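Visitor: I would like a close look at one part of this protein. Please take me through the pocket, and then show me what surrounds it.

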Amino acid sequence: GDRLFACCDLDMKGVGGPDFETKRLLTLAIPTTINAVADPFFRIILVAMISHFIDTNSMIAYVLVVLFLRVTTVELSIAIIDAESTMLQDALSLGNDPGHVIAGHRVQLAVFMQLLLTVPGLVAWVFGIDNVVLWLTPETPEVAELARQYTQVIVIDFALQAIAKAFMLVF
């Protein structure tokens, strides 16, 4: 048993200890973690409020619209933002004017990609969400109509969020 690890003379004592990088990583991870927990929590509150103060059909329509948009277009938008983040780090590591010019071009490219790749999907959902929801819930056509109305509002919010995130990544 001991001979298996004889070739690896590793000092594992210092691996778990707190150092500057560990503290820095935790400091940077705290806002992201709070956002990752708070966003779904507030969505649950919103869905509960829609169900309680309006009606169940409104809640079903809202949840279906958000799920469809999130799975199809928002995840694509997030992938663009992740790619932009990597490209910006490379550009800004160059420093000074050349790095800033390259970073500006990369932000412009990300905004263009957001418009080119996510907006057509959002527009398609505006014109097709009611048919998809009606196919899923044929016994309640009012849910499909509510989904169509919600989509017309939510797509604007999603498109503006995607563009804003592309711009705000620099800061």
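**The pocket and its surroundings**

Guide: Ala166 counts as buried, because its relative accessibility is 0%. Ala166 is found in helix 4. Keep in mind that this is a predicted model. Across the chain, Ala166 pairs up in space with Gln108. The two are 58 residues apart in sequence, yet their C-alpha atoms are 8.3 Å apart.

Now the overall frame. The protein chain has four helices and zero strands. Along the sequence, the pattern reads α-α-α-α. The chain has 171 residues, and 26% of them count as buried.

Next, the pocket itself. The largest pocket holds about 660 Å³ of space. Four elements each give two or more residues to its lining: helix 1, helix 2, helix 3 (96–136) and helix 4 (141–168). In total, 27 residues line the largest pocket. Which of them lie nearest its centre? They are Asn35, Asp39, Arg70, Ile78 and Lys165.

Which helix gives the most to this lining? Helix 2 does, with nine residues. By class, the lining has 15 nonpolar residues. The rest of the lining is six polar and six charged residues.

Let us stay with helix 2 for a moment. It spans 56–94. Tyr62 lies in helix 2. Is Tyr62 buried or exposed? Tyr62 counts as buried, because its relative accessibility is 13% and the cut-off for buried is under 20%. Tyr62 also has a partner far along the sequence, Tyr150. The two tyrosines are 88 residues apart along the chain, with 6.6 Å between their C-alpha atoms.

Back to helix 4. Ala162 lies in this helix. Ala162 is buried, because its relative accessible area is 6%. Its C-alpha atom is separated by 9.2 Å from the C-alpha atom of Ile80. Along the chain, Ala162 and Ile80 are 82 residues apart.

Helix 4 also holds a charged pair. How many salt bridges does the count give? The count comes to one salt bridge. It joins Arg148 and Glu145, whose closest N and O atoms are 2.3 Å apart. Why are these two residues about one helical turn apart? Because they are three residues apart in helix 4. Arg148 is partly exposed, because its relative accessible area is 23%. Glu145 counts as partly exposed too, because its relative accessibility is 34%.

Last, move to the surface. Six residues form a nonpolar patch there: Phe41, Phe42, Ile45, Met49, Phe53 and Ile54. Together they present about 660 Å² of accessible area. Where does Ile54 sit? Ile54 is in the loop between helix 1 (20–53) and helix 2 (56–94). Ile54 counts as exposed, because its relative accessibility is 54% and exposed means over 50%.

To recap the tour. The largest pocket has 27 lining residues, and helix 2 gives the most of them. Ala166 in helix 4 is buried at 0% relative accessibility. The charged pair in helix 4 is Arg148 with Glu145. On the surface, the nonpolar patch includes Ile54, which lies in the loop between helix 1 and helix 2.

Definitions and conventions:
Residues are numbered from 1 along each chain as its sequence is written. This is a predicted model: local features need pLDDT of at least 70, side-chain atom pairs count only at pLDDT 80 or more; totals for chains, interfaces and linings use all residues. Side-chain values use heavy atoms; hydrogens and water are left out. Patches are made of residues with over 30% relative accessible area and no salt bridge: like charges are joined within 9 Å, nonpolar side chains (Val, Leu, Ile, Met, Phe, Trp, Tyr) within 5 Å. Accessible areas come from the Shrake-Rupley method with a 1.4 Å probe; for residues, only the protein chains shown count as cover. A salt bridge is a side-chain nitrogen of Lys or Arg within 4 Å of a carboxyl oxygen of Asp or Glu. Buried means under 20% relative accessible area, exposed over 50%, partly exposed in between (1.4 Å probe, protein chains only). On a 1 Å grid over the protein atoms alone, a cavity is a set of points where a 1.4 Å probe fits but cannot get out, and a pocket is an open set with protein on both sides within 12 Å along at least five of seven lines; lining residues have an atom within 4 Å of a point. Grid points are joined across faces, edges and corners, and a volume is the space filled by probe spheres set on the points. Ala, Val, Leu, Ile, Met, Phe, Trp, Tyr, Cys and Pro count as nonpolar, Asp, Glu, Lys and Arg as charged, and the others, Gly among them, as polar.
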